[in-house]
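Please open the model in a viewer and keep the sequence panel visible. The tour below proceeds by selection, beginning with the chain as a whole and ending with individual residues.

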Amino acid sequence: MLPIFEEQLKHLQELVPDFRIVSAVVHLDEHSPHAHVIGLPIGRGYKRGMQKQVAKTRVFTQESLTELQDKMHKYAEQEMNDHPEIFEGEDLKEIEKGRNSDWSKEYFGRPEQEG
């Protein structure tokens, strides 16, 4: 499974070159193997401050994240088809809409959590 996850990370980097992966943790001890990926979205072309800055909204939009999720899901399906010795009889779970969260808005902008 680890080489498959490595291929997924390479594919993610190809799809979003301005998202620098900082950490990728694979969970193989749960019902469904999966990875948690943390990275920095790099915005470019700023006129004030540094020319490159961490900038989530310059790299990701709700639409681009939905498209990215669809592309990664299709890539995972292809990987499963390419490796029947690992995935025979297994199905990839369907994408569940509305499960993604913007943690920066949920946890770092609420007035009740300031101070």
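pLDDT is the predictor's confidence in each residue, on a scale from 0 to 100. The model is a predicted one, and its mean pLDDT is 84, with 84% of the residues reaching 70 or more.

**The whole chain**

Colour the chain by confidence to begin. Among the elements, strand β1 (residues 19-27) has the highest mean pLDDT, at 94, whereas helix α5 (residues 103-107) has the lowest, at 58.

Now switch to a cartoon coloured by secondary structure. The protein comprises 5 helices and 3 strands. Followed from the N terminus, the order of elements reads α-β-β-β-α-α-α-α. With a surface displayed, one may ask what share of the residues is buried. Of the 115 residues, 18% count as buried.

**Helix α1**

Select residues 2-15, which make up helix α1. Leu-2 is found in this helix and, with a relative accessibility of 45%, is partly exposed. Extend the selection to Met-1, Leu-28 and Ile-86: together with Leu-2, these residues form a nonpolar surface patch with about 330 Å² of accessible area.

Within the same helix, display the side chains of Glu-7 and Lys-10. These two residues form a salt bridge in which the closest N and O atoms are 3.5 Å apart. Why are they separated by about one helical turn? Glu-7 and Lys-10 are 3 residues apart in helix α1, and therefore about one turn lies between them. Both partners are accessible in part: Glu-7 has a relative accessibility of 31%, and Lys-10 one of 49%.

**From the α1-β1 loop to strand β2**

Select Asp-18 and Arg-44 next. Their salt bridge brings the closest N and O atoms to 2.8 Å. This pair links distant parts of the chain, as Asp-18 lies in the loop between α1 and β1 and Arg-44 in strand β2 (residues 34-44), 26 residues away. Asp-18 is partly exposed at 25% relative accessible area, and Arg-44 is likewise partly exposed at 34%.

Remain on strand β2 and select His-36, which is located there. His-36 counts as partly exposed, with 43% relative accessibility. Add Ser-23 and draw a C-alpha to C-alpha distance: His-36 and Ser-23 are 8.0 Å apart in space and 13 residues apart in sequence.

**Helix α3**

Move to residues 62-82, the extent of helix α3. Which kind of contact joins the side chains of Glu-67 and Lys-71? They meet in a salt bridge, with 3.0 Å from N to O. Both residues lie in helix α3, 4 residues apart, or about one turn of the helix. Glu-67 is partly exposed at 43% relative accessible area, as is Lys-71 at 38% relative accessibility. The salt bridges visited on this tour can be checked against the total for the model, which is 3.

Further along helix α3, select Glu-77. Its relative accessible area is 33%, so Glu-77 is partly exposed. Add Glu-90, Asp-91 and Glu-94 to the selection, and a negative surface patch formed by these four residues comes into view.

**The loop after α4**

For the last stop, select Leu-92, found in the loop between α4 (84-87) and α5. Is Leu-92 buried or partly exposed? Its relative accessible area is 29%, so Leu-92 is partly exposed. Finally, draw a line from the C-alpha atom of Leu-92 to that of Lys-74. The two atoms are separated by 9.7 Å, and the residues are 18 apart along the chain.

Notes
Residues numbered from 1 in each chain as written. Predicted model: local features only at pLDDT ≥ 70, side-chain atom pairs only at ≥ 80, totals over all residues. Heavy atoms only, no water. Patch = residues over 30% accessible without salt bridge, like charges linked within 9 Å, V, L, I, M, F, W, Y side chains within 5 Å. Areas by Shrake-Rupley, 256 points an atom, 1.4 Å probe, with all protein chains shown as cover. Lys, Arg positive; Asp, Glu negative; His and termini not counted. Charge placed at Lys NZ, Arg CZ, Asp CG, Glu CD. Helix = DSSP H or I, 4+ residues; strand = E, 2+ residues; numbered from the N terminus. Buried < 20%, exposed > 50% of the residue type's maximum accessible area, 1.4 Å probe, protein only.
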